[in-house]
Amino acid sequence: MATEKITMPQLGESVTEGTISKWLVEVGDVVQKYDPIAEVTTDKVNAEVPSSFTGKIKELTASEGDTLEVGDLIGYIESEAADGAEEDESSAEKAEEKTVETDGLTAEASDAPMKKRYSPAVLKLAQENDIDLDQVNGSGKGGRITRKDIMIIIESGNVPKAEPRAEKKSAQEAPKTAAAAEEKKAAPQSASIPVVPGDVEIPVSGVRRAIATNMVRSKHEAPHAWTMVEVDVTNLVNYRNSVKNDFKSKEGYSLTFLPFFIKATVEALKEFPRINSMWAGDKIIEKKDINISIAVATDDALYVPVIKNADEKSIKGLGKSVNDLAKKVRENRLSGDDMQGGTFTVNNTGSFGSIQSQPIINYPQAAILSVESIVKRPVVMNNGMIAVRDMVNLCMSLDHRVLDGLIVGRFLASVKDKLEKITPENTSIY
Amino acid sequence: MAVMSYIDAVTLALKEEMARDENVFVLGEDVGVRGGVFRATAGLIEEYGEHRVIDTPLTESAIAGVGIGAALYGMRPVVEMQFADFILPAVNQIISEAAKIRYRSNNDWSVPMTIRAPYGGGVHGALYHSQSIEAIFSNVPGLKVVMPSTPYDVKGLLKASIRDNDPVLFLEHKRAYRLIKGEVPEDDYTLPIGKADTKRDGDDVTVITYGLAVHFALQAAEKLEREGISTHILDLRTVYPLDQKAIIEAASKTGKVLLVTEDNKEGSIIGEVSAIIAENCLFDLDAPIRRLAGPDIPAMPYSPPMEKFFMINPEKIEHAIRELAEF
């Protein structure tokens, strides 16, 4: 007797994973070698998985509905001698030999997933020629797609494409491989849009496609709720106006309102760490670091670079970070690192005159705050007088899986309170 | 065109250059009366006399040093190290003086000297008669290291080395001396130093190597062709400085590269070749770069089975090419 692993078998050449649609055995069942033990669905076939051993099912580690990679463990079986003959327990030595043999078999099976192991040459050729590698069968070791396999496909002219009508992308435009997997979901099913003379067809660039993917993903996965507060920032406006010329001549760049809003947001995030969190399926992860993504637009794209550890920066420091990142975006110098690690987003929609917006959450963050235009409005004051005040709307979209209205309301009240109380005495630029 | 052995091509090149330029002279241990222990200089003393074919004492540092001195005075010495294994006492002369004098003297002086040395194993020569020493000299700007594989290349490259105005280390594989034969034109031709040569065209696997291993690779390629595996073979010919353009082209052609040397693996020439490929060809590579080389042990063993284990042979190359082709 020996405990053997039952693994997801390779059902077809290019199949890499399968879903257990139904278990045909239960723990404790005795099965013969080749008896079916489970039904598996793959994107190519539906098939029964035969047992590789004769013995008693010891444990089923995968559940019905689980999708597993080829070679992944699905259960354990207490095997008897593999030839199926009923032998007594005393023939332990023979069982030992069989174990060695089956070890060899599993080693071969684990060789199989080379199908998805692409070499740089294969990836490059696939990108340049818009080849959908999922549809290519490899002739290399373990089903690996070789450069020659791709060359033969290119020469034959019969190139399998992800979507037949997709625009041909240049290598430069092609999105990062991580995004490539998601790309298909966002790819528009463009077939039904009629084009008449005079219409302009604009190829979807890699950045545009990445934006589309992220937006679809966020809207699709995170149930968005929305709320708005209005804030009286008259004090802030006066304060900033009184120091801005001095600041500009000293520091060399303008002091905008955004750093003040980020500062107030960051302080409120410290009070309500749940806002600074992410949905992780079976848990919510409250992030320790406060890294603020800021939305920076160019003419045809939107980037969200990140101010790392924004809670460690002064208003001047935040202003410098915003200025640096915006400059990098304009000069097309953003690095991957500049874009990573954001935990909450502040979106400066007021910069183009908006007074109200419903931002889409920057996936996988839990919420996003839009700072709208500061406008002068008549406001009824506490003493019953009407005064002209500088007013701004703060709009917030939240992932309702993570956050509820109450906590967001308290968070916004805190941000509002901090902004309204800003004075030269209690708020230092440096 | 005459078919001749590798060593006869050496002798022919020496004879032609001595006839062409009276400044060319030969010195080394037993190069005169004996005609060289391998007979590479046979007949030279009879033809050109003892003033141009000089037997020296057993002092490699002096052989190189005398050569340098003569070269500085406008001669074109061809010095012979009886075995490459014995070159070590002359290393200071070669690296510190010959290779650097042009730079050091701001171009006023140069050393147009050729140092010939038989290297390599597979001849039951054991420790002191089997070493590959090219790596020692392949980090020395000012020096060129030439290692031809065929009689045709020997003649063309030895003549080019003698005519070169800077020091050239010309390494001859001693097992190739009488094993390798090939056609050698009678006319006066030279081949460019620093240029690699495609010895076979193919599109499945690229083999980059030099010296005797070129022939082993050709034999392996011939056999593999019957299985439908097509091998591209690049002969480096000059191992320092390397022909980067040819290396990049050959590696990019198939994306699967096997590098072969008879030298110990770690720190050998092919490690540098691998770095050139890694720097330039990432997006053309379809498999990890593979190296086939001697084991990292101190010496070529004398025992025939162990020497066989150490040496590169067609079977080892064939196996490595097949593995890459199947990857």
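From which domains of chain B does the lining of the second largest cavity draw at least three residues each? The lining draws at least that many from each of domain 1 (2–184) and domain 2 (197–326) of chain B, where the domain bounds come from an automatic or database domain assignment.

This is a predicted model, in which local features need pLDDT of at least 70 and side-chain atom pairs count only at pLDDT 80 or more, while totals for chains, interfaces and linings use all residues. Residues are numbered from 1 along each chain as its sequence is written, chains are lettered from A and ligands numbered from 1 in the order in which they are written, and side-chain values use heavy atoms, with hydrogens and water left out.

A search of the whole structure finds two cavities of 30 Å³ or more, a cavity being a set of points, on a 1 Å grid over the protein atoms alone, where a 1.4 Å probe fits but cannot get out, and its lining residues being those with an atom within 4 Å of a point. The second largest encloses about 60 Å³, a volume being the space filled by probe spheres set on the points, which are joined across faces, edges and corners. Among its lining residues are Tyr119(B), His173(B), Tyr210(B) and Glu262(B). Helix H9 (212–225) and strand E13 (257–264) of chain B each supply at least two lining residues, and E13(B) gives the largest share, three residues; helices (H or I, at least four residues) and strands (E, at least two) are DSSP runs, numbered from the N terminus.

Backbone geometry offers a second theme. Most residues other than glycine have a negative phi, and most peptide bonds are trans. The bond joining Tyr363(A) and Pro364(A) is cis, with omega about 0°, and Pro364(A) sits in the loop between strand E16 (344–347) and strand E17 (367–371) of chain A. In chain B, the peptide bond from Tyr240(B) to Pro241(B) is also cis, with omega near -5°, and Pro241(B) lies in the loop between strand E12 (238–240) and helix H10 (244–254).

Asp130(A), in the loop between helix H2 (120–128) and helix H3 (147–156) of chain A, has a positive phi near 55° and is buried (under 20% relative accessible area, with a 1.4 Å probe and protein chains only), its value being 12%. Asn332(A) has a positive phi near 60°, but this residue is exposed (over 50%), with a relative accessible area of 66%.

Methods: On a 1 Å grid over the protein atoms alone, a cavity is a set of points where a 1.4 Å probe fits but cannot get out, and a pocket is an open set with protein on both sides within 12 Å along at least five of seven lines; lining residues have an atom within 4 Å of a point.
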